Amino acid sequence: MLTEIMVSADAPDTDATPRGSHRAAGGVVTVLVPAHNESAGITETLLSLNNQTRRPDRIIVVADNCTDDTETLALAQGVEVTGTVGNKDKKAGALNFALGELLPDADPEDLVLVQDADSQLALDFIENATDNLLTDELLGAVGGVFSGGPGGGFVGHLQRNEYARYARDVKRLHGKCLVVTGTAALFRVKTLRDVVAARLAGTLPPGIGKGGVYDTSVLTEDNELSFALLTLGYRIASPSNCTLVTEVMPTWRELWAQRLRWKRGAVENCVQYGWTKITRPYWGRQFLSMIGVLVTLAYFGSIIFALTTGMGLNLQPFWIAVTGIFVLERIVTLRFRGWRYMLLAATMYETVIDIFLQAVHAKAYLDAALNRKKVW
């Protein structure tokens, strides 16, 4: 893979906008921002990094096969830009290249933040993530808790509700999470080196066999890396004080593609690691998801059968009570968005995305079982 490193002649004066070059507690913080045609949001993303309460020492935009002005916009913000040429492994491949350049010369205690180019960190994200990482030697990664950005109409609104429920769950679990999101995650250099060594030694899946931090053969590289860290004995967390805003999918079609990749990737990561003490909770969630798909099919199938055969619908107290529990769950779990959203949730209008996601799950299981071609 060929690369080129660019520095803008028009970059902001470093004396006027000093970036910490000292080794503060936690070491040097380097941010890697993989970007493929991200001109719509790259400037806002870099502004959120430049305004952090703990400013990163280096910000490197890894421009991957960009055909728009992502690189120009990044350079205008005074950051480094590394361009990849010929990378066919998308985000994971671009990050492996950048980490391959960075890790050999870094101090083991230095920190690396990997952040998507379409997300904006809360201004105290790096400060809080660093504090969390320094308080626990076995903490392998600190991820972010994301909320949905504006736009997307009705489907965007539904995703913002979904993300608000996720944030509530993480807070109630005191940061315990199943996956360190690839949207934004902070690692120690020595942790990432452990992953590379374990892949080369065969302790972890080898990926493409070159020892990259990220396994480029999977659909969900962040999910796989979470499995890798847990397998090596590390813990992972998404503290509630590490927040960020990420884009929502603007159409149902794009949401379908995103969630199909997430779901199939998660299933195949479980198969990849097999049945271990690490993966059992994840297998359990897959099993419950499959049960959910079957229950949904049975529920709507019984309604259609009753209506089409003339049997009609009969309300039973037991099922009315069950329905009431579901309605209450919809209301309470949306507390982070305020009472107006909670009242609206009582109408169960979000059932449309519940059914949509069940359909995605079913398609993902079928594709994985039939080994159909993977689509990013």
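Start inside the protein: the count of cavities of 30 Å³ or more comes to one. Keep in mind that this is a predicted model.

**Stop 1: the cavity**

Its volume is about 80 Å³. To see the walls, select Lys-91, Val-114, Val-180, Thr-181, Gly-182 and Ala-185. Then add Phe-187, Tyr-214, Asp-222, Leu-225, Ser-226 and Leu-229. Now colour two elements, strand E9 (184–188) and helix H7 (221–231). These are the elements that give two or more residues to the lining. Which of them gives the most? Helix H7 does, with four residues. Next, colour the lining by class. You should find seven nonpolar, three polar and two charged residues.

**Stop 2: a pocket**

Move on to the second largest pocket, with a volume of about 380 Å³. Its lining has 23 residues. To find the centre, select Asn-96, Phe-97, Ile-208, Lys-210 and Gly-212, the lining residues that lie nearest to it. Then show helix H3 (90–102) and helix H6 (189–201), which each supply at least two lining residues. H3 gives the most, with five. By class, the lining of this pocket splits into ten nonpolar, eight polar and five charged residues.

**Stop 3: two helices that cross**

Select helix H5 (residues 153–172) and helix H8 (residues 252–273). Their axes come within 10 Å and cross at roughly 35°. Which residues make the contact? On H5, pick Phe-154, Val-155, Leu-158, Gln-159, Glu-162 and Tyr-163. On H8, pick Trp-252, Leu-255, Arg-259 and Trp-262. Sorted by class, the contact of H5 with H8 has seven nonpolar residues, one polar and two charged.

**Stop 4: two backbone angles**

End with the backbone. Most residues other than glycine have a negative phi. Here are two residues with a positive one.

Select Lys-90 first. Its phi is near 50°, and it is not a glycine. Lys-90 sits in helix H3, which you met at the pocket. Is Lys-90 buried, partly exposed or exposed? Lys-90 counts as partly exposed, because its relative accessibility is 39% and that class runs from 20% to 50%.

Now jump to His-174, in the loop between H5 and E9. You have already coloured E9 at the cavity and selected H5 at the crossing. The phi of His-174 is positive too, at about 55°, although this residue is not a glycine. Is His-174 buried or exposed? His-174 counts as exposed, because its relative accessibility is 75% and the cut-off for exposed is over 50%.

Conventions
Residues numbered from 1 in each chain as written. Predicted model: local features only at pLDDT ≥ 70, side-chain atom pairs only at ≥ 80, totals over all residues. Heavy atoms only, no water. 1 Å grid on protein atoms, 1.4 Å probe; cavity = no way out; pocket = protein on both sides within 12 Å on 5 of 7 lines; lining within 4 Å. Points joined across faces, edges and corners; volume = space filled by probe spheres on them. Nonpolar A, V, L, I, M, F, W, Y, C, P; charged D, E, K, R; others polar. Axes fitted to C-alpha atoms, helices over the stretch in contact; angles between N-to-C directions. Contact = heavy atoms within 4.5 Å. Buried < 20%, exposed > 50% of the residue type's maximum accessible area, 1.4 Å probe, protein only.
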